[in-house]
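Reader: Here's one I'd like to go through slowly. Pick the backbone as your subject, take me through the spots that catch your eye, and then put them in their surroundings.

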Amino acid sequence: PKTDIVFLKVHKSASSTVMNILFRFGETHNLTFAFPRGGGFQLYYPQHFLASFVQGFSPLSPRRFNILCHHMRFLQPEVQKVVPSSAVYFSILRNPVQLMESSFVYYKGASAFSRVRSLQEFLSQPHRYYSPASGDRHYARNLMTFDFGFNPDGDVSPERVQLMLKAIEASFDFLLISEYFDESMVLLKEMLCWDLDSVVSFPLNIRDSSTKSPLPDSVVEKLKAWNRLDWEIYTHFNRTFWERIERDIGRERMRREVKALRARQAELARTCLQGTGSVAPKDIKDSSLRPLQHGGARILGYNLKQGLDQELERTCRRLVTPELQYSSLLYKKQFPPAPP
């Protein structure tokens with residue numbers, strides 16, 4: 001199994017669920033994480049990543065970490081200073097239409113969104129509300145492009161787009177697609193030589209469907225045009241994703257693997273969870289399992305069954321521990337506080 005990993009955690013793309021998978025794998029195999037300095041949750045995002053943002057990094061003794069997966073704005077020469085040269089690089093993408101709809105609800109306080117009532121209103125005159133000079137502009141335009149380290153207001157000429165796609169391909173071994181999450185997990189398992197249980201997960205950091213509403217076609221077209229760079233990234237890597245599956249796994253085996261993954265997930269859900277799945281924040285009984293609530297979204301969580309034996313309780317708890325709590329727990333393990 002591969003143990004040196006860089007995961008670019010792209011916003012609002014099921015990346016918290018992938019992070020949980022990496023946290024569990026790292027904890028099980030006693031791997032080290034490149035944590036933000038001081039135990040924060042983001043690597044000084046939205047600045048471009050620097051090696052000095054990592055707790056325990058020193059240019060004098062270049063210590064390498066196994067897994068880099070906290071939010072960052074990608075800059076490969078700096079990333080290479082903190083992980084072994086053998087590291088596998090991957091990320092996950094989401095359809096920019098749904099991504100922006102999610103971003104609008106989640107980052108409602110962002111300067112571009114704060115003065116409008118709806119996404120439609122924003123898209124009717126985006127330049128009236130959006131300023132390329134504002135520090136949080138990336139939440140409102142080409143968010144994936146920004147996370148990969150490029151300019152979200154950049155030129156959309158075919159030549160520039162090709163350069164960007166080539167640069168991403170040169171840096172990353174593969175990109176997953178959140179709309180095909182189960183297929184992505186099978187591909188991840190294949191590329192990293194992991195076993196099935198290592199890529200099983202319950203969806204984390206998802207929002208209640210009451211805040212979601214379907215978008216009219218006219219809005220969808222405006223969204224694609226406004227997020228043109230993201231759209232180019234997504235359509236290109238969605239295509240190469242399926243080409244890779246055809247080449248490395250084959251559709252027939254992919255179907256079998258997805259079936260096995262879903263069966264194992266269902267089995268774990270029956271074993272671990274009270275009720276049928278995720279619940280509203282107010283219904284989560286164990287406060288340590290309550291996810292951070294943000295913007296206008298209601299982020300769902302889980303209740304564990306009572307009376308599980310110790311080993312099973314631990315397995316189940318890790319599957320549903322929200323990102324911030326899990327990150328803190330692993331940070332304290334890796335950097336134990338000095339005794340008084």
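Author: One cut-off before we start: a residue is called buried when its relative accessible area is under 20%, exposed when that is over 50%, and partly exposed in between. Also keep in mind that this is a predicted model.

Let's start with Asn142, which sits in the loop between helix H5 (126–129) and helix H6 (143–147). Its phi is near 45°, a positive value in a residue other than glycine. That's worth a pause, as most residues other than glycine have a negative phi. And is Asn142 buried or exposed? Its relative accessible area is 2%, so Asn142 counts as buried.

Now set Cys193 beside it. Cys193 isn't a glycine either, yet it has a positive phi of about 55°. You'll find Cys193 in the loop between helix H8 (181–192) and helix H9 (196–199). Its relative accessibility is 48%, so Cys193 falls in the partly exposed class.

Asn30 joins the list too, with a positive phi of about 55° just after H1. Helix H1 itself covers residues 15–28, and 13 of its 14 residues are buried. Does its length make sense? At 1.5 Å a residue, those 14 residues should span 20 Å, and the end C-alpha atoms of H1 are 20 Å apart, so the two agree.

Follow the chain on from H1 and you reach another kind of oddity. Tyr45 and Pro46 are joined by a cis peptide bond, with omega at about 10°. Most peptide bonds are trans. Pro46 belongs to the loop between H1 and strand E2 (67–68).

E2 brings us to the sheet. What is the order of its strands? The sheet is open, with 4 strands in the order E2-E1-E3-E4 and parallel pairing. E2 and strand E4 (174–177) are at the edges with a single partner strand each, so each has one side without a neighbour in the sheet.

On the E4 side, the partner is strand E3 (residues 88–93), and the two pair in the parallel sense over 4 bridges. If you want a place to put your cursor, Ser91 has Leu175 in E4 as its bridge partner. Helix H11 (residues 228–248) then lies across both E3 and E4, running at about 100° to E4.

How values were computed: Residues numbered from 1 in each chain as written. Predicted model: local features only at pLDDT ≥ 70, side-chain atom pairs only at ≥ 80, totals over all residues. Heavy atoms only, no water. Expected span 1.5 Å × (residues − 1). Buried < 20%, exposed > 50% of the residue type's maximum accessible area, 1.4 Å probe, protein only. Pairing = 2+ DSSP bridges. Contact = heavy atoms within 4.5 Å. Axes fitted to C-alpha atoms, helices over the stretch in contact; angles between N-to-C directions.
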